[in-house]
Amino acid sequence: KGEIDDGNVPQQNVERARKIQISMGEDFSKAGMSKKSGAAAGLCVFIINIIKYYDVVFQVEPKRQALRTATETLNNANAKLAEVNAMVAELEARLKKLMAEFDKAMAEKNA
């Protein structure tokens with residue numbers, strides 16, 4: 001499992017195991033191998049599960065990569081948003097100060 005997760009199992013190895021599984025048909029199952037050997041049945045179940053696990057990992061890995069990329073994009077966008085929000089807050093504070101000065105000047109002019 002760890003070797004598959006780390007990408008250390010070549011696809012051709014899994015495909016070879018899959019071809020053997022397909023070529024043996026129903027004999028390549030726990031029930032089919034149990035008639036011959038308990039150990040072979042256990043190994044057969046292990047191989048079937050490894051093939052299934054590899055298929056799942058093979059399908060999920062591109063989605064994991066897309067998630068990493070999307071998360072990185074989101075983090076960058078959130079950082080830019082924080083910068084823009086800080087700039088807006090600063091500009092609003094300056095505008096408030098200027099409006100207060102303007103109102104004061106207008107009040108002095110009208111007085």
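How far apart are the end C-alpha atoms of H4, and what span should its 73 residues have? Good morning, and thank you for the opportunity to present. At 1.5 Å a residue, H4 should span 108 Å, and its end C-alpha atoms lie 103 Å apart, which agrees. I should state at the outset that we are looking at a predicted model.

Let us follow helix H4, which covers residues 38-110. At Val60 the helix H4 bends by about 30°. A proline, Pro62, follows Val60 within four residues.

Which residues of H4 are buried? They are Ala41, Cys44, Ile48, Ile51, Tyr54 and Val57. Residues are called buried here because their relative accessible area is under 20%. The cover over these buried residues of H4 includes helix H1 (2-5), H2 and helix H3 (30-34).

I turn next to helix H2, made of residues 11-24. Its 14 residues should span 20 Å at 1.5 Å a residue, and the end C-alpha atoms of H2 are indeed 20 Å apart, so the two values agree. After H2 comes Gly25, with a positive phi near 60°.

My next topic is charge. Side chains of opposite charge can pair when their charged atoms come close. How many salt bridges does the structure hold? There are 4 salt bridges in the structure.

Within helix H2, Arg18 and Glu15 are 3 residues apart, about one turn of the helix. Their side chains meet in a salt bridge, at 3.3 Å from N to O. Glu15 has a relative accessibility of 28% and therefore counts as partly exposed. A network of salt bridges links Glu15, Arg18 and Asp55.

Please look now at Glu61, in helix H4. Which residues does the side chain of Glu61 meet in salt bridges? One is Arg64, at 3.8 Å from N to O. Glu61 and Arg64 both belong to helix H4, 3 residues apart, about one turn of the helix. The other is Arg68, where the closest N and O atoms are 3.0 Å apart.

Are these three side chains buried, or partly exposed? Glu61 counts as partly exposed because its relative accessibility is 32%. Arg64, at 41% relative accessibility, is likewise classed as partly exposed. Arg68 has a relative accessible area of 43%, so Arg68 is partly exposed.

Glu61 also illustrates how sequence and space can be considered together. Glu61 and Asp5 are separated by 56 residues in sequence, while their C-alpha atoms are 9.1 Å apart in space.

Finally, let us consider the nonpolar surface. Which residues make the nonpolar surface patch of about 380 Å²? The patch is made by Leu95, Met99, Phe102 and Met106. Phe102 has its place in helix H4. With a relative accessibility of 47%, Phe102 counts as partly exposed, because that category lies between the limits of 20% and 50%.

To close, I return to H4. This helix bends by about 30° at Val60, has buried residues including Ile48 and Tyr54, and contains Phe102, one of the residues of the nonpolar surface patch. Thank you for your attention.

Technical notes:
Residues are numbered from 1 along each chain as its sequence is written. This is a predicted model: local features need pLDDT of at least 70, side-chain atom pairs count only at pLDDT 80 or more; totals for chains, interfaces and linings use all residues. Side-chain values use heavy atoms; hydrogens and water are left out. Patches are made of residues with over 30% relative accessible area and no salt bridge: like charges are joined within 9 Å, nonpolar side chains (Val, Leu, Ile, Met, Phe, Trp, Tyr) within 5 Å. Accessible areas come from the Shrake-Rupley method with a 1.4 Å probe; for residues, only the protein chains shown count as cover. Helices (H or I, at least four residues) and strands (E, at least two) are DSSP runs, numbered from the N terminus. Buried means under 20% relative accessible area, exposed over 50%, partly exposed in between (1.4 Å probe, protein chains only). The expected span of a helix is 1.5 Å times one less than its number of residues. The bend at a residue is the angle between axes fitted to the seven residues ending there and the seven starting there. Contact means heavy atoms within 4.5 Å.
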